[in-house]
Amino acid sequence: MDKQEKKTFYITTPIYYPSGNPHIGHCYTTIACDAVARLKRMQGYDVMFLTGTDEHGQKIEKKAQEAGITPKEYVDEIVANFKKLWSTLNISYDRYVRTTDDYHIKTVQNVFEKLYKDGYIYKSEYKGKYCTPCESFWTESQLVNGKCPDCGRDVTDASEEAYFFKLSQFAPKLKELLLDEEKNFLNPKSRVNEMIHNFIDPGLQDLCVSRTSFTWGIPVTFDEGHIVYVWIDALTNYISALGFMNDTYNDYEKYWPADMHVMAKEIVRFHSLIWPAILMALGEPLPNKIYGHGWITFGAAGGKMSKSKGNVIDPFVLCERYGVDALRYDILREMPFGSDAPYSNEQMFTRINSDLANDLGNLVSRTVAMVIKYFGGKIPEDKEFTDEDTDLYNAFDALPDYVSESYSSLRFSEALERIFRAIARANKYIDETCPWILAKDESKLPRLAAVLYNLLDCIRRAAILLYPIMPNTSPKIFEQIGATAEVTTWDSVYKKNLLPSDVTVQKGEVLFPRIDVEKEIEELNKQLEQQADVPSDLEPLKPLTKFDNFAALDLRAVKVISCEKVPKSDKLLKFIVNDGFGERQVLSGIAKYYKPEDLIGKTLGMIVNLEPRKMMGYESCGMIMSVKDGDGYRVVEFDDSIKAGADIS
Ligand code: MSP
């Protein structure tokens, strides 16, 4: 049975880097995929919606080291925030892949081995710019004024042994794939030219796929010291999560090839060139379509994301203040597929007021209120339909195919614009038919019944069309207008007048309260000013925790007996300290800020009951406490009169 007969649908977001917390930019892709996944489920597809996190690499290794925790501990915390945001935003993902999951590691190792055995991966030398203190390789383009982008120091030419993937050999096939009109592989079309002119035609280079200069990655099974570098690890998530070359899942046959990989423009190159080439080398089918959308930009200067522009608002705050569906709607309504679009709070408030509160919210509340006022909440059987209704029906009849097609190709903004035009048509119908005048004349009650019934039924159809975007609001609307499950399916949106002829309505809560734009902006500005008063290098406050969590930590004063640099590391100092009970070894990443000899004899603060762990081959038993000071760290110090082993509380 082929995939089409099974009617499956596989859609993916990129796997995000958990090097920092999720922001509105990540929300856009994820909400867009969620809307498509929800639409396809309504249309009867067996959907697999995959999202996840890309957790390896030098950046994360470094951040964790700075924070004095393991890379896994570091990503665990941020992944929890991603998952919390997706749950707040009502994201209906079916599977969440982490590149640190065992099954993913297995797949990547198997894929790497197969590509090597089949001659698509070979060993050579990686040449780049090396910053010795940071122990990092950089490409020419990553340098800032020719210096290390991390520490600003000089870099030197250096090379290391590395494996390469024969990307260059796939250039002709990739060009053919991108130019295949029927396949329409890469969307929007404008990106096809970009790929061909910028990358294929100038000559595709083979791709470095392993490293030896850092360790936070998936080991190459057949060559110790090498770890798989970036793209083979990351891209393979789309098949590891289905069980390709691992035993954890068993859905590869069912869902692969993916119907849609969705991402922003900066990683289109990896998805439309490297990923198909890897699959070609593996002899596996290619995904059906790649969608590369634009960026949500922030602040007057534009740019992908800027925390300093003030306009970057925490998505959790936006959801709490204005509602999850308002945020989902606004983001998809403002962003035309393919281009960049600026985000602004003011624009969002205007949208909420005009589209959601005025047009949709009012239509529902006015209609329900009139049914209650004129008919006690239940539409009478006796109705008089007239030609005056045709135009209203037409406005909604024209929508379903257009909306389905637009949502499926991420043209949400166009689809929503059309739906809200139909909603405006329904509001106009109220003005044209003047129910309040019909209500005054007993003989016109059948006409009034038909008018209100028509309105309820159009609201039903609008709410079905909006469900993929506003999955919290549509069910509330269905409840208010008395629409039961059978008449809220996707199929039922094609037909008019499906509500029971004597339908009963229920007054409900206001769907979208109006926002006082000026007041709200003032309020947000106040919040931003308060934030601006806080130096930007301060970590945000962590949530409250139980006293027991604090009590579980054993904090002590310790005396430094010896201190020396860890060989080959520019960051780590190795201490022997006296904790009052005896001596122990502990490492700390403060070598850049202290001469080892200056610390000998000092009395420092230390967490003594952390589980031991290895860094650069040395065991570290506990953690020296230090305080962030600008870009550096200072140890927490006590005067000499404090005894070794004294309890800190
Ligand atoms: N880990 C890689 C992707 C590997 S996929 C096999 C990565 N991660 S990322 O965290 O940087 O995420 C980039 C993606 O997040 C973008 O491609 C896009 O989907 C989303 N966005 C991040 N910022 C965005 C905007 N400002 N606007 C729109 N989308 C944005 O790259």
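## Exercises: Thr236 and the ligand shell

Threonine 236 sits in the loop that links helix H8 (231-235) to helix H9 (237-240). Keep in mind that this is a predicted model.

**Exercise 1.** Work out whether threonine 236 is buried or exposed, and find what its side chain reaches.

*Solution.*
- Step 1: Start with the relative accessible area, which is 1% for threonine 236.
- Step 2: Buried means under 20%, so threonine 236 counts as buried.
- Step 3: Now follow the side chain of threonine 236: it gets to the backbone oxygen of isoleucine 232, at 2.3 Å.
- Step 4: Look further along the sequence. Leaving out residues up to four places away, threonine 236 touches His104, Thr107, Val108, Val111, Trp231 and Trp275.

**Exercise 2.** Describe which residues surround the ligand and how they split by class.

*Solution.*
- Step 1: Count the shell: 25 residues surround the ligand, and Ile15, Thr29, Asp54, Glu266 and Ile296 are the closest.
- Step 2: Sort that shell by class, and you get 14 nonpolar, 8 polar and 3 charged residues.

**Exercise 3.** Find the polar partners of the ligand at isoleucine 15, glycine 25 and threonine 29, then say how much of the ligand the protein buries.

*Solution.*
- Step 1: Try the backbone. A polar backbone atom of isoleucine 15 is 2.8 Å from a ligand nitrogen, and a backbone N or O atom of glycine 25 is 3.2 Å from a ligand nitrogen.
- Step 2: Switch to side chains: an N or O atom in that of threonine 29 is 2.7 Å from a ligand oxygen.
- Step 3: On its own the ligand exposes 670 Å², and the protein buries 96% of that.
- Step 4: Finally, trace the elements giving two or more residues to the shell: strand S1 (8-16), helix H2 (24-42), H8, H9, strand S11 (260-264) and strand S13 (296-298).

Methods: Residues numbered from 1 in each chain as written. Predicted model: local features only at pLDDT ≥ 70, side-chain atom pairs only at ≥ 80, totals over all residues. Heavy atoms only, no water. Helix = DSSP H or I, 4+ residues; strand = E, 2+ residues; numbered from the N terminus. Buried < 20%, exposed > 50% of the residue type's maximum accessible area, 1.4 Å probe, protein only. Polar contact = N/O pair within 3.5 Å; in protein donor to acceptor, adjacent residues only side chain to side chain. Contact = heavy atoms within 4.5 Å. Near = heavy atom within 4 Å. Areas by Shrake-Rupley, 256 points an atom, 1.4 Å probe, with all protein chains shown as cover. Nonpolar A, V, L, I, M, F, W, Y, C, P; charged D, E, K, R; others polar.
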